[in-house]
Structures are given as structure tokens and as C-alpha cells.
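Biologist: Please take me through a single part of this model in close detail. Then show me how the rest of the chain is arranged around that part.

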Amino acid sequence: MLAGLRKQVLDVSMELRRMQMARGTSGNVSARDPESGLIAITPSAIPYEVLRVTDIAIITPAGEIIHGNHRPSSETPMHTAVYRLRPDVNGIVHTHSLYATVFSVLNKELPVVTVPLATFGPVPIAPFRLPGSQALADEVARCLGVAGKSVLLQNHGALCAGSTVGKALECAAYTEEGAQVAYLAHLAGGLNPIPDEYIAVMRDISGTEKAL
Ligand SMILES: [Zn+2]
């Protein structure tokens with residue numbers, strides 16, 4: 001069932017690991033089939049190095065399991081909350097990538113310090129809630145809003161969304177890069193965002209979806 005969608009989720013999961021943005025069993029990846037509304041999502045507590053396409057679960061928009069050898073990700077409520085809010089989103093990547101997590105500990109939004117961030121930043125920060133809880137899911141969906149692509153989770157990591165799971169991965173990579181640049185610039189003595197008037201022009205030219 002939905003073999004292509006599950007393969008996309010597996011491929012992005014492996015890419016996250018290759019990019020050193022996911023370790024052990026941390027982070028989770030999902031993709032939604034626009035026609036049926038069904039969601040393919042990584043399983044809970046299976047290390048990436050042994051993950052197979054048959055381990056990827058299929059769930060309904062309400063989070064009920066339709067197919068899978070394992071429980072779906074413990075962060076399933078976060079994924080389903082975003083899909084319910086955002087018909088334009090068909091892929092989600094949640095990471096504990098290092099610099100995005102460092103920035104989340106500062107508990108501040110990530111300003112637009114890099115060119116890719118101009119298309120979807122500044123990145124808001126959702127307040128800390130218990131991992132896997134509906135309260136966290138609600139805060140993440142609220143902070144992502146009706147047009148956002150990326151949100152930091154206080155003392156936890158980041159969640160990135162896209163029209164496909166591949167686009168969500170790109171957004172996660174740009175979020176991590178932006179957080180790393182912001183952190184290093186701050187250490188080096190100054191964190192200067194791109195001026196607002198240029199951000200508006202860059203958004204008009206590239207368009208969020210095209211650039212992501
Ligand atoms: Zn997490």
C-alpha cells in the first residue's frame with residue numbers, strides 16, 4: 001500500500017542520517033497522499049540504520065494505524081495536526097539537528113541571516129511542551145500558522161513542512177544551516193539579519209515554494 005510514498009519517507013530518512021541531522025531514533029519523517037489523505041510515517045524506536053520500507057507505517061489523518069509492523073512515530077500528533085491545518089503541506093520532517101536545537105535553547109526566533117531563510121524566515125519558536133503530547137502538536141501547528149514552512153521547538157529541535165517530503169527536507173537543511181550561521185555570527189561578534197526591504201523583494205522574485 002502506497003509503496004511510492006513509503007519509499008519517499010525512507011529515502012528522506014536516510015538522507016537525514018547521511019546529512020548528520022538525525023541520530024539513533026531521533027527525528028521523524030512523514031508524507032501525505034493528496035488523493036486519499038493517508039499518511040506514511042516513520043515508526044517509533046527503530047534506528048535509521050536498520051529501517052526498511054516495510055517499517056514505514058500508514059495512518060489515517062486521525063492517526064489510526066492502517067498498515068505497519070511497528071507503532072508509528074511518537075510525534076504522530078505533531079504531524080497530523082500540521083496536515084489538518086495545512087492542505088498545501090504534503091511532507092513533514094522533524095529533526096533534533098544540532099544547531100537548530102542550539103538555537104531552540106536560546107528560545108528566540110531564528111532571524112533571516114541567510115539567503116535561503118529569506119524565503120521562509122524568520123523561523124518562530126514554539127514553547128516547550130512534553131515530546132509526543134497533543135499540547136506540543138497544538139503549539140507547533142499554531143506557530144507554523146497558515147503560511148509557515150519551519151518552526152523551532154524550544155529545547156527540542158525543529159519541524160519543517162513542504163509541498164512534498166523532499167521540499168520539507170530542503171527546508172530542514174536550510175533551517176539547520178541558518179541556525180549554524182546565526183550561532184557562529186553571534187559568537188564572532190554580531191548577528192545582522194538581511195534588511196526587511198530586501199527580504200520582501202527576494203520573496204517576490206523567488207517565491208517561497210520555488211526556492212524551497
Ligand atoms: Zn523530537
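Modeller: What follows takes one helix and works outwards from there.

This is a predicted model: local features need pLDDT of at least 70, side-chain atom pairs count only at pLDDT 80 or more, and totals for chains, interfaces and linings use all residues. Residue numbers start from 1 along each chain as its sequence is written.

Confidence comes before detail. pLDDT is the predictor's confidence in each residue, from 0 to 100. The protein chain has a mean pLDDT of 93, and 97% of its residues reach 70 or more. Residues 208-212 fall below 50, yet this stretch has 15 contacts in the model beyond near neighbours in sequence. A contact means two C-beta atoms, placed from the backbone, within 7 Å.

Now the helix. The part to watch is H5, residues 165-188. Helices (H or I, at least four residues) and strands (E, at least two) are DSSP runs, numbered from the N terminus. The expected span of a helix is 1.5 Å times one less than its number of residues. For the 24 residues of H5 that gives 34 Å, and its end C-alpha atoms are 34 Å apart, so the two agree. Gly 189 follows H5, with a positive phi near 125°.

Which residues of H5 are buried? They are Val 165, Lys 167, Ala 168, Leu 169, Cys 171, Ala 172, Tyr 174, Thr 175, Glu 176, Gly 178, Ala 179 and Ala 182. Buried means 20 or more other C-beta atoms within 10 Å of a residue's own; exposed means 12 or fewer, and partly exposed lies in between, with C-beta atoms placed from the backbone. An α-helix has 3.6 residues a turn, so residues three or four places apart point the same way.

What covers them? The cover includes helices H1 (3-18) and H3 (98-106), and strands E1 (28-32), E5 (91-95), E7 (150-153) and E8 (157-162).

H5 also feeds the core. A nonpolar core is a set of buried Ala, Val, Leu, Ile, Met, Phe, Trp, Tyr and Cys residues joined through C-beta atoms within 7 Å. The largest one has 56 residues. Its largest share, eight residues, comes from H5. Ala 168 is among the residues with the most contacts inside this core, and so is Val 9. Val 9 touches Val 165, as well as Val 29, Ala 31, Ile 56 and others.

Next, the strands. Eight of them form an open sheet with mixed pairing, in the order E4-E3-E2-E1-E5-E8-E7-E6. Strands pair if DSSP finds at least two bridges between them. E4 (65-67) and E6 (125-126) stand at the edges; each has a single partner strand, so one side of each is left without a neighbour in the sheet. E7 and E8 run antiparallel, joined by four bridges. One link is between Leu 152 and its bridge partner in E8, Ala 158.

Gly 157 is found in E8. Gly 157 is buried, because 26 other C-beta atoms lie within 10 Å. Ser 97 is 60 residues away along the chain, but its C-alpha atom is 6.5 Å from that of Gly 157. Gly 157 touches Ser 97 and also, among others, His 94, His 96 and Ser 104.

Another helix, H4 (residues 134-144), packs its buried residues against helix H2 (76-85), E6, E7 and E8.
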